[in-house]
Amino acid sequence: MGLEEQYGFGARLLKKLGYVEGQGLGSDGRGRASPIEVNAEQHGTHAGLGMLSKRATAEDIDMDITSSSDEGREVNENARARPLQFKKTDATKPSSDIIYQIEALGLPVDANVLARHPNASTIVEELVTKQRTLDAIVRKVEVVKQELDDVETQLNTLRNLQHSEMSLLDKISEVLKLNNETIIDELAAKILKDELQKYNNLSLKDDRITNTLEPVVELLQYALESDPGALNKNQTQLYQWLCPRIEAAITEIDFKNSDSVDSIIYILVEYELILKYIMMYDKLIDKFLMPRLLGLIKEWAPERNGIDHHFYDFYILLNQEQRKKLQDALKVIFSDYCSGWYHKDAFHFDCHYFKLIFGETVFYSITEKKLLPIMVKQLYEEHFTLVDDLEDWSDINHDREGPAYCFKKVKEFANFLTNTQITTIMKGMFNDIRKLVFQWYLFSEPNDWQNCQNLIHDFFNIVYAEESKISDFEITELREILRMGTEVGKLSTVCYDREFDILKELNLKKREFIDLERDENDHPNVIQIDDSDEDMRDSDGYTVQDIPVRRVDATFKEILQRYCEENGYEMIRDTTNYTQLPYGVNGTSLVPIITIRKGTKARKVAIKDDILWIEGLSGYRPEFLYNLTL
């Protein structure tokens with residue numbers, strides 16, 4: 001049965017409008033594809049509806065729409081002959097975006113029907129806005145509901161923990177089982193506040209505090225994220241209880257009291273973890289401790305040296321920036337000490353902790369530049385003059401500024417210089433002693449040799465009487481010089497280094513000259529003279545007024561020539577005649593002969609390494625100069 005036969009006029013009208021049986025309604029065929037079924041009712045149930053109260057037949061409907069006029073009949077015939085054509089326009093095709101928005105809203109309406117409404121866009125926009133507002137309200141309700149649940153959980157947990165006998169660590173561990181960081185922080189802060197109140201009457205040195213808090217802090221710092229710019233609530237509780245107490249302790253520190261210093265060091269060490277957790281460790285030191293330490297450096301004096309193990313204990317607790325500040329301040333005062341060093345009033349202090357703070361490289365670079373030239377000038381070149389002691393060897397003592405005094409002073413300040421520098425200075429001193437022994441042997445009377453031995457023994461007794469630390473180098477030198485003093489008449493070779501120059505050995509290109517006069521503050525006047533200053537130096541860097549005695553080193557030939565002049569002898573050098581002396585490594589040294597003449601008398605002599613050899617019946621023998629007579 002066809003649609004027209006089954007449904008009559010409605011089917012024919014749809015067909016005239018272009019409908020194809022089996023397809024959906026609408027221009028895009030997305031509408032309803034099957035007719036709406038009508039349920040038949042009993043006659044009389046629709047009384048009062050007029051013609052609609054009974055089922056109209058197809059003929060009745062056809063008659064109603066047929067015109068009685070000729071014009072109407074003609075139009076009707078034309079409509080039947082040509083199907084009605086619909087022109088597609090934008091009004092008949094709704095926007096796909098609007099349809100999508102309508103469907104997304106999930107409203108119980110046909111999206112296509114609503115989309116055809118003239119104000120569809122406005123209606124949809126309002127609906128979308130209201131839907132979003134509604135969604136936001138729903139989300140807020142969920143959040144508030146969750147917050148209420150969390151608060152309830154928090155209250156229950158807090159009630160349980162307040163009446164619990166668990167330890168602080170166990171309570172915090174229970175709190176950390178919650179899944180909300182804000183609640184964890186708040187609960188931990190309340191628990192810490194209750195716990196800290198128990199410590200109000202305890203000393204910070206009471207280890208029960210740190211033993212209880214440290215494990216808790218370790219747990220919290222890994223469980224909760226910290227903001228470098230602000231403290232959370234549990235950090236704030238620790239800050240409010242701990243920091244005022246430490247501030248007061250640092251402010252009241254007495255650096256002269258070991259117990260006071262030890263107490264602060266103990267507190268900083270024991271509470272380091274907690275203070276760093278609340279980001280106050282460096283801040284407390286910067287604000288309260290650093291000014292005290294810098295003040296201690298500013299007031300430093302060698303006789304009351306405060307740079308000791310206590311100061312170093314504080315130093316190692318500092319960060320790199322804080323250490324640098326102390327190092328710079330210490331370099332200034334130590335450099336000033338070295339530059340103003342004067343042997344008479346130089347106070348020796350323990351410089352061990354200066355070395356630890358500076359590092360040995362920096363420490364020795366300061367002393368090499370500032371202190372070494374002054375010590376060499378004062379103790380070696382000006383006052384270590386053994387010749388002065390020859391007039392009265394029994395008057396050697398450590399109170400006078402003589403050789404023994406200088407030797408002891410060098411050893412006293414040995415820890416300010418490197419081992420190489422100290423060994424070089426002492427090598428120069430021992431070399432001068434060797435030279436004295438050898439010259440005494442050459443030029444003194446035979447019966448005066450005992451005085452040389454006494455001088456050497458007294459000198460070393462004064463220097464080493466109270467010395468407990470003697471280097472291997474010193475022991476070797478002492479043995480050799482003491483052996484020389486007992487071998488009278490057996491010194492056949494030069495026993496000192498004639499080429500030794502302490503300034504070259506120490507690589508001192510600039511020398512510090514110390515005027516003997518003092519300034520108004522009783523400090524030595526220091527003038528630094530560069531080797532390049534031609535007007536201020538001679539070839540060795542000395543002026544005529546300040547040249548040390550040891551720099552006047554006449555050769556034995558000059559001494560022999562003066563001896564001959566004083567005695568009216570003529571000294572004739574013969575460059576064509578040589579003699580072989582039993583001297584040297586192989587016992588054979590070839591040297592030129594010198595003739596000493598006075599009138600008809602003459603004697604032949606030779607000189608080798610400042611030793612005078614006089615010809616006798618059995619050849620040339622070493623002799624003292626006073627034995628050369630004509």
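# Close-up views of a predicted model

**Asn507 sits in the loop between α24 (502-505) and β1 (510-518).** The model shown here and in the views below is predicted. Asn507 has a phi near 55°. That is a positive value in a residue other than glycine. Most residues other than glycine have a negative phi. Asn507 is exposed, because its relative accessible area of 53% is over the 50% cut-off.

**Met279 occupies the loop between α13 and α14.** Its phi is near 60°, again positive in a residue other than glycine. Is Met279 buried, partly exposed or exposed? It is partly exposed, with a relative accessible area of 24%.

**The whole chain gives the setting for the close-ups.** The chain has 630 residues, and 36% of them count as buried. It holds 25 helices and 7 strands. Its exposed surface is about 38600 Å². Carbon and sulfur atoms supply 50% of that surface. Take the contacts between residues at least 6 apart in sequence: 64% join residues at least 24 apart.

**Helix α12 runs from residue 258 to residue 270.** How far apart should its ends be, at 1.5 Å a residue? The 13 residues of α12 should span 18 Å, since the expected span is 1.5 Å times one less than the number of residues. The end C-alpha atoms are 18 Å apart, which agrees. Asn257 caps the N-terminal end of α12. A side-chain oxygen of Asn257 lies 2.9 Å from the backbone nitrogen of Asp259.

**The buried residues of α12 pack against four helices, listed here.** The buried set is Ser260, Val261, Ser263, Ile264, Ile265, Ile267 and Leu268. Their packing partners are α11 (233-251), α13 (272-277), α14 (281-298) and α15 (309-316). An α-helix has 3.6 residues a turn, so residues three or four places apart point the same way. Among the buried residues of α12 are Ser260, Ile264 and Ile267, which can be followed along the helix in this view.

**Gln237 is a buried residue of helix α11.** Its relative accessible area is 18%, so it falls under the 20% cut-off for buried. Which residues does Gln237 touch, not counting those up to four places away in sequence? They are Ala189, Lys193 and Leu196.

**Two charged side chains sit over aromatic rings.** Arg245 lies over the face of Trp241, at 4.2 Å from the ring centre. The charged end of Lys276 is placed over the ring of Tyr281. Here the distance to the ring centre is 5.2 Å.

**Phe349 and Phe416 form an aromatic pair.** The chain has 33 aromatic pairs in total. In this one, the ring centres are 5.3 Å apart and the planes meet at 85°, so the pair is edge-to-face. The cut-off for that class is over 60 degrees. Phe349 lies in the loop between α16 (320-339) and α17 (352-358). Phe416 lies in the loop between α20 (403-412) and α21 (419-443). The pair therefore ties together parts that are 67 residues apart in sequence. Phe349 is buried, and so is Phe416.

**Both rings belong to a cluster of linked aromatic residues.** Ring pairs join Trp300, Phe334, Tyr337, Trp341, Phe349, Phe354, Phe358, Phe363, Tyr364, Phe413 and Phe416.

**Helix α20 is mostly covered.** How many of its 10 residues are buried? The count is 8. They are Pro403, Ala404, Tyr405, Cys406, Phe407, Lys409, Val410 and Lys411.

**Lys411 is a buried lysine in helix α20.** Its relative accessible area is 16%. Leaving aside neighbours within four places in sequence, Lys411 is in contact with Met426, Val463, Tyr464, Glu467, Lys469 and Glu474. Val463 is 52 residues away along the chain. The C-alpha atoms of Lys411 and Val463 are separated by 9.3 Å.

**Glu147 belongs to helix α7 (residues 120-162).** It counts as partly exposed, at 46% relative accessibility. Glu147 and Ile183 are 36 residues apart along the chain. Their C-alpha atoms are separated by 10.0 Å.

Note on methods:
Residues are numbered from 1 along each chain as its sequence is written. This is a predicted model: local features need pLDDT of at least 70, side-chain atom pairs count only at pLDDT 80 or more; totals for chains, interfaces and linings use all residues. Side-chain values use heavy atoms; hydrogens and water are left out. Helices (H or I, at least four residues) and strands (E, at least two) are DSSP runs, numbered from the N terminus. Buried means under 20% relative accessible area, exposed over 50%, partly exposed in between (1.4 Å probe, protein chains only). Contact means heavy atoms within 4.5 Å. A polar contact is a pair of N or O atoms within 3.5 Å; within protein, one must be able to donate a hydrogen and the other to accept it, and residues adjacent in sequence count only if both atoms are side-chain atoms. Accessible areas come from the Shrake-Rupley method with a 1.4 Å probe; for residues, only the protein chains shown count as cover. Rings of Phe, Tyr and Trp (its six-membered ring) pair if their centres lie within 6.5 Å; planes under 30 degrees apart count as stacked, over 60 as edge-to-face and the rest as tilted. A charge sits over a ring if NZ of Lys or CZ of Arg is within 6 Å of the ring centre and within 35 degrees of the ring normal.
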